[in-house]
Amino acid sequence: MAGSAKPDQLTKPVGAITRGTTGVNRLRRSDRWLVHDDLVRTRLREAPDPLVVDLGYGASPWTTFELATRLRAVRADVRVVGLEIDPQRVVPGRDGVTFARGGFELAGLRPVLVRAFNVLRQYPESAVAEAWATIRSGLAPDGLLVDGTCDELGRRCAWVLLDRTGPLSLTLAWDPFTVERPSDIAERLPKVLIHRNIAGEPIHSLLSAADHAWARAAPLAPFGPRVRWRTATEYLRAQGYPIRLYRRRMRDCVLSVPWSTVAPDSSSAR
């Protein structure tokens, strides 16, 4: 099977060693989204080999073990491999999770899902396209990549979902009780967008519109931030923003749009 190869220890890892900061339950919001996202669930369930790579898990593998546990609710036989470019961070495997040295080349693996959180944040914006291309070329035919960023406690998160053809969507997720307004997530945008939050760029327009919708929904504040945010998203949809509608009850405030809604203005490329 395409994804069943073992990590190729002879392949030189592609990338640079990151700071490696991590923490227990830091990536819970993105994990919850992965477990419930229809596309991710379908690709995992239909994969001949449900191999998942946690790329750049950092100085401690807690979040890799958490990812494996949560994805097993989608498919019990999921295989998770944590890859780190720093050999000092490669630890013995346990609980059905293995670890190896590797970078953007994915150590020769062909996973159906790659999670790369807080990795590209430490690279220049100009390096994103090449890193994306390298990872995507190593995916299984129906593979997906999640490139995301979050704060130290995982209260503010943002990620781009990609397949082998390119970016599909942007999702922002935050703790309803510690974030005052949607644009506060701007400081945790993925590297491809974090420097684009300026007037004239689509991401700036979206965040500004989200703030206005949030302010308009202020009369619902006594009912809690989740109720207020649901109403705010209705205002955004009424303005023509293709905000994804979630039917299930949400713990987080979530804003998800197709990539075309926020794709950087090519005329202002750096």
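# Notebook: a walk through a predicted model

I started at leucine 168, which lies in strand β7, residues 166–174. I noted at once that this is a predicted model.

**Leucine 168**

Is leucine 168 buried, exposed or partly exposed? I found a relative accessible area of 29%, so leucine 168 is partly exposed. Buried would need a value under 20%, and exposed a value over 50%.

Next I listed what leucine 168 touches, leaving aside neighbours within four places in sequence. The contacts are Leu39, Leu144, Leu161, Leu162, Asp163, Pro258 and Trp259. I also looked up the spacing to leucine 145, which is 23 residues away along the chain. The two C-alpha atoms are separated by 9.9 Å.

**Leucine 153**

I moved to another leucine. Leucine 153 sits in the loop between β5 (144–150) and β6 (156–163). Its relative accessibility is 53%, so leucine 153 counts as exposed.

Which residues does leucine 153 touch, not counting those up to four places away in sequence? I found Arg26 and Arg28. I then checked leucine 153 against aspartate 77, 76 residues apart along the chain. Their C-alpha atoms are separated by 29 Å.

**Helix α1**

Arg28 led me to helix α1, which spans residues 28–36. Eight of the nine residues of α1 are buried, so the rest of the structure largely encloses this helix. I wrote the buried ones down: Arg28, Arg29, Ser30, Asp31, Arg32, Trp33, Leu34 and Val35.

What do the buried residues of α1 pack against? I found two helices and four strands in the answer: α2, α3, β4, β5, β6 and β7.

**Helix α3**

I took up α3 next, residues 62–71. Seven of its ten residues are buried, so α3 too is largely enclosed by the rest of the structure. The buried residues are Thr63, Thr64, Phe65, Glu66, Leu67, Ala68 and Leu71. Their cover includes α1 and α2 (38–46). It also includes the strands β1 (51–55), β2 (79–84), β3 (97–101) and β4 (113–117).

**How α1 meets α3**

I looked up the geometry of this pair. The axes of α1 and α3 are 10 Å apart, and the packing angle is about 25 degrees. Angles under 35 degrees count as roughly parallel. The two helices are therefore roughly parallel to each other. Their crossing is right-handed.

Which residues make the contact? From α1 I noted Arg28, Asp31, Leu34 and Val35. They meet Glu66, Leu67, Arg70 and Leu71 of α3. By class, the contact has four nonpolar residues, four charged and no polar ones.

I added a reminder on helices in general. An α-helix has 3.6 residues a turn, so residues three or four places apart point the same way.

**How α6 meets α7**

I then checked a second helix pair. Helix α6 covers residues 202–216, and helix α7 covers residues 225–238. Their axes come within 8 Å and cross at roughly 125 degrees. Angles from 65 to 115 degrees count as roughly perpendicular, and those over 145 as roughly antiparallel. The pair falls in neither class, and α6 and α7 are therefore oblique to each other. This crossing is right-handed.

On the α6 side, I listed Ala209, Ala210, Ala213, Trp214, Ala215 and Arg216. On the α7 side, I listed Pro225, Arg228, Trp229, Ala232, Tyr235 and Leu236. The contact of α6 with α7 has ten nonpolar residues, two charged and no polar ones.

**Two positive phi values**

I looked at two loop residues other than glycine with positive phi. Aspartate 95 has a phi near 55 degrees. It is in the loop between β2 and β3. Alanine 107 also has a phi near 55 degrees. Alanine 107 is in the loop between β3 and β4.

Buried or exposed? Aspartate 95 is exposed, at 52% relative accessible area. Alanine 107 is buried, at 0%.

**Cysteines**

How many disulfides does a search of the whole structure find? I got zero. A disulfide needs two cysteine sulfur atoms within 2.5 Å.

Why is cysteine 157 not bonded to cysteine 150? The sulfur of cysteine 150 is the closest to that of cysteine 157, but the gap is 4.8 Å, too far for a bond. For cysteine 253, the closest cysteine sulfur is in cysteine 157, at 12 Å, again too far for a bond.

I checked burial last. Cysteine 157 counts as buried, at 1% relative accessibility. Cysteine 253 counts as buried at 1%.

Notes:
Residues numbered from 1 in each chain as written. Predicted model: local features only at pLDDT ≥ 70, side-chain atom pairs only at ≥ 80, totals over all residues. Heavy atoms only, no water. Buried < 20%, exposed > 50% of the residue type's maximum accessible area, 1.4 Å probe, protein only. Axes fitted to C-alpha atoms, helices over the stretch in contact; angles between N-to-C directions. Left-handed = near helix turned anticlockwise from the far one by under 90°. Contact = heavy atoms within 4.5 Å. Nonpolar A, V, L, I, M, F, W, Y, C, P; charged D, E, K, R; others polar.
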